[in-house]
Structure formats: structure tokens, C-alpha cells
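Me: I would like to learn how to read a model like this one at the bench, feature by feature. Could you take me through it, giving the general idea before each case?

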Amino acid sequence: MDTGKGTETRTGTGTTGTGTTATRDAREGAPRGRGVLEGAFALLDALRRNGDEAGVTELALACGVPKGTVHRLLDQLTGVGAVERAGNRYRVGPQLYRLGQAWEPHPGLRPAARLPLQRLRAATGASVVLVVLREETALTVGSVPGDLEPLLPVRNGLAFRLDTAAGRALRGPLRGGAVLDREDVVEGVCCASLPVRAPDGRTVAALAAMVPAGRRLDALAHAVAGAGAAITRALAGGGRRRPLPSAALVP
């Protein structure tokens, strides 16, 4: 939070002030109308897309924001735990991770899917993902790496196109069983995917299992269907974990 002192002029569209962050950013050529929150989230998204660590210059280029502004925003984000600093490099911080883990695309979906995903991976060796529809992509909200690592790493937050097997299974009702991908998207990778439904029949996610080419996809699709049914049953039962005793938690 900027604490610079200066005179303020209130208008019908906002507040401007001499010596404020907004004034300094305007002098430095920051895009007009960019608010502090918008700039902060642009930096966080750039760090996410970078996948590891990034420096001030890299982030300034990625976001189109002056380096001085980037440095100030990073200092503020570091102060609240949203970003961590390692020397002259920055990465996403633990507080942002905690907040992200609280997001539920459908009530109880992630805890309901946790054990079925693990069991599907154990039974098939597949790389398993649970995806939901967000902003015209299939966004991964649950994942278990399998035999395809490191050829095709899977992780939470990864987005797939809607023309992939997972995306096609997510978009609506299917006839004729699973959506199968026989190296259609990535050479050497096959996939079986099916919708995951809420107890009322609505499609709330899709489950996909990816394996090296040459595997029997009919058996894989059967295993995916079983895991999807287990998620639906868990959702019907509440799908939520019992909370930890408060004495075990750090405030």
C-alpha cells in the first residue's frame, strides 16, 4: 500500500494525487486506466505462466508495465505473502496457494474426486486429470501424474483446448460412451475421457486418463467410467472431508 503524502483531488471518476502510485505510474508511462489490483493480478498471472521464477525485467516485458511499477507491486505482494522473493527473482507465494486451494468449481467436487483419481492412476498407470469448463478451456482442478511423465506433465491449473478429448467430454451429453483420442492431439499419447455428473445428472466436470500409445483404450475407458461414477457417489454423500481439529491448525 502506497503511503506517499500528497494533495488529493476527487472527481466523478476516481481520486488522483500528487506523489501517489497512480501519479508515478502515469509519469512512467503505465497504461492509462490500469488500477493497482489489475496490475497486481497481471503480475501474478505472468508468474503463473512462467511456471517457476521471473525477474523484474521479464515481468515488465510480459505485462507491458514500467519496471518501477513492477518493483513496487512486487514489494506489496511480497508483504502479504502472495509472492516470494529469492534474490532478484520472484515466484508465487504461499498465501496465494492457500487462497487458490479454497476455490471449488462445484461444491465438494475436489475432495470427492481425490481418492477416485488416485485409484484410477494406481489401476491403469495413466496420467489422470479432472477438468472443468472455464473461459472456453478445460481447466485442470485435480491431477495425478502417471506413466507419461515427463513427456506430458500434468498439474492443477493446466488448461486444455475444448477440441481435446477432455474438452469434448466436458461440453455436453455423449452418445456411445467415452471420447477416445488415438494420438489425435499429441503424438505418442492416447486418452479416454468421460463426463463427471452431479447426482442430479448435470455435467460438472470431465475425467480424462492419458496413456502411451499402444494401450487398450476400451479397458481404459471402463476404468475412467468407474472412477467418474465413484466421484458422483461421493458428491451425493456430501463429498467433503471432515475438518481438522482446530488445535492442529496454525492461525
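Me: What pLDDT does the protein chain average, and what share of the residues score at least 70?

Reply: This is a predicted model, and the general idea is that where pLDDT is low, the predicted coordinates should not be read in detail. Here the protein chain averages a pLDDT of 82, with 79% of the residues scoring at least 70. Over residues 1–34, however, the pLDDT is below 50, although this stretch has 39 contacts in the model beyond near neighbours in sequence.

Me: Turning to the sheet, in what order do the strands of the open sheet of 6 strands lie, and which are the edge strands?

Reply: The order of the open sheet is S7-S6-S5-S10-S9-S8, and the pairing is antiparallel. Strand S7 (159–160) and strand S8 (179–182) are the edge strands, each of them pairing on one side only. Within the sheet, strand S5 (residues 127–134) pairs with strand S10 (residues 203–212) in the antiparallel sense over 5 bridges, and Val129 stands opposite Ala208 in S10.

Me: Which helices lie across these strands, and at what angles do they run?

Reply: Helix H6 (residues 109–124) lies across S5, strand S6 (137–144) and S10, and runs at about 150 degrees to S5. Helix H8 (residues 217–236) lies across S5, S8, strand S9 (189–197) and S10, and its direction is at about 25 degrees to S9.

Me: How should I read a single strand residue such as Thr140: is Thr140 buried or exposed?

Reply: The general idea for a regular strand is that the side chains alternate between the two faces of the sheet. Thr140 has its place in strand S6, and because its relative accessible area is 2%, under the 20% cut-off, Thr140 is buried. Leaving aside neighbours within four places in sequence, the contacts of Thr140 include Val129, Leu130 and Val131, as well as Arg155, Asn156 and Phe160.

Me: Which residues of the largest nonpolar core touch the most other members, and which element gives the most to this core?

Reply: In soluble globular proteins, nonpolar side chains tend to be buried together. The largest nonpolar core has 28 residues, of which Leu109, Leu117, Leu130, Leu207 and Ile231 touch the most other members. Two or more residues come from each of H6, S5, S6, S9, S10 and H8, and H8 gives the most to this core, with 7 residues. Leu109, not counting residues up to four places away in sequence, touches Glu104, Leu130, Val132, Val204, Ala205, Ile231 and Leu235. There is also a second, separate core of 19 residues, which includes Ala138, Phe160, Ala166 and Cys191.

Me: Where is Val80 found, and is Val80 buried or exposed?

Reply: Val80 is found in the loop between helix H4 (67–79) and strand S3 (83–86). Its relative accessibility is 57%, over the 50% cut-off, so Val80 counts as exposed. Val80 and Pro94 are 14 residues apart in sequence, and their C-alpha atoms are 9.7 Å apart in space.

Me: What do S3 and S4 form, and how many residues are between them?

Reply: S3 and S4 form a hairpin with 2 residues between them, and Gly87 in the turn has a positive phi of about 70 degrees. The pairing of S3 with strand S4 (residues 89–92) is antiparallel, over 4 bridges, and Val83 stands opposite Val92 in S4.

Me: How many salt bridges does a search of the whole structure find, and which residues are linked in a network?

Reply: The general idea is that side chains of opposite charge can pair when their charged atoms come close. The search finds 6 salt bridges in the whole structure, and Glu53, Glu84 and Arg91 are linked in a network. In one of these pairs the side chains of Glu53 and Arg91 meet at 2.5 Å, N to O. Because Glu53 lies in the loop between helix H2 (36–50) and helix H3 (56–63) while Arg91 lies in strand S4, this pair ties together parts that are 38 residues apart in sequence. Arg91 also forms a salt bridge with Glu84, with the closest N and O atoms 2.9 Å apart. Arg91 is partly exposed, with a relative accessible area of 30%, and Glu84 is partly exposed with a relative accessible area of 30%.

Me: Which residue meets Asp163 in a salt bridge, and how accessible is Asp163?

Reply: The side chains of Asp163 and Arg161 meet in a salt bridge at 2.8 Å, N to O, and Asp163, at 44% relative accessibility, counts as partly exposed.

Notes: Residues are numbered from 1 along each chain as its sequence is written. This is a predicted model: local features need pLDDT of at least 70, side-chain atom pairs count only at pLDDT 80 or more; totals for chains, interfaces and linings use all residues. Side-chain values use heavy atoms; hydrogens and water are left out. Two strands pair if DSSP finds at least two bridges between them. Contact means heavy atoms within 4.5 Å. Axes are lines fitted to C-alpha atoms, for helices over the stretch in contact, and angles run from 0 to 180 degrees between N-to-C directions. Buried means under 20% relative accessible area, exposed over 50%, partly exposed in between (1.4 Å probe, protein chains only). A nonpolar core is a set of buried Ala, Val, Leu, Ile, Met, Phe, Trp, Tyr and Cys residues joined through side-chain atoms within 4.5 Å. pLDDT is the predictor's confidence in each residue, from 0 to 100. A salt bridge is a side-chain nitrogen of Lys or Arg within 4 Å of a carboxyl oxygen of Asp or Glu.
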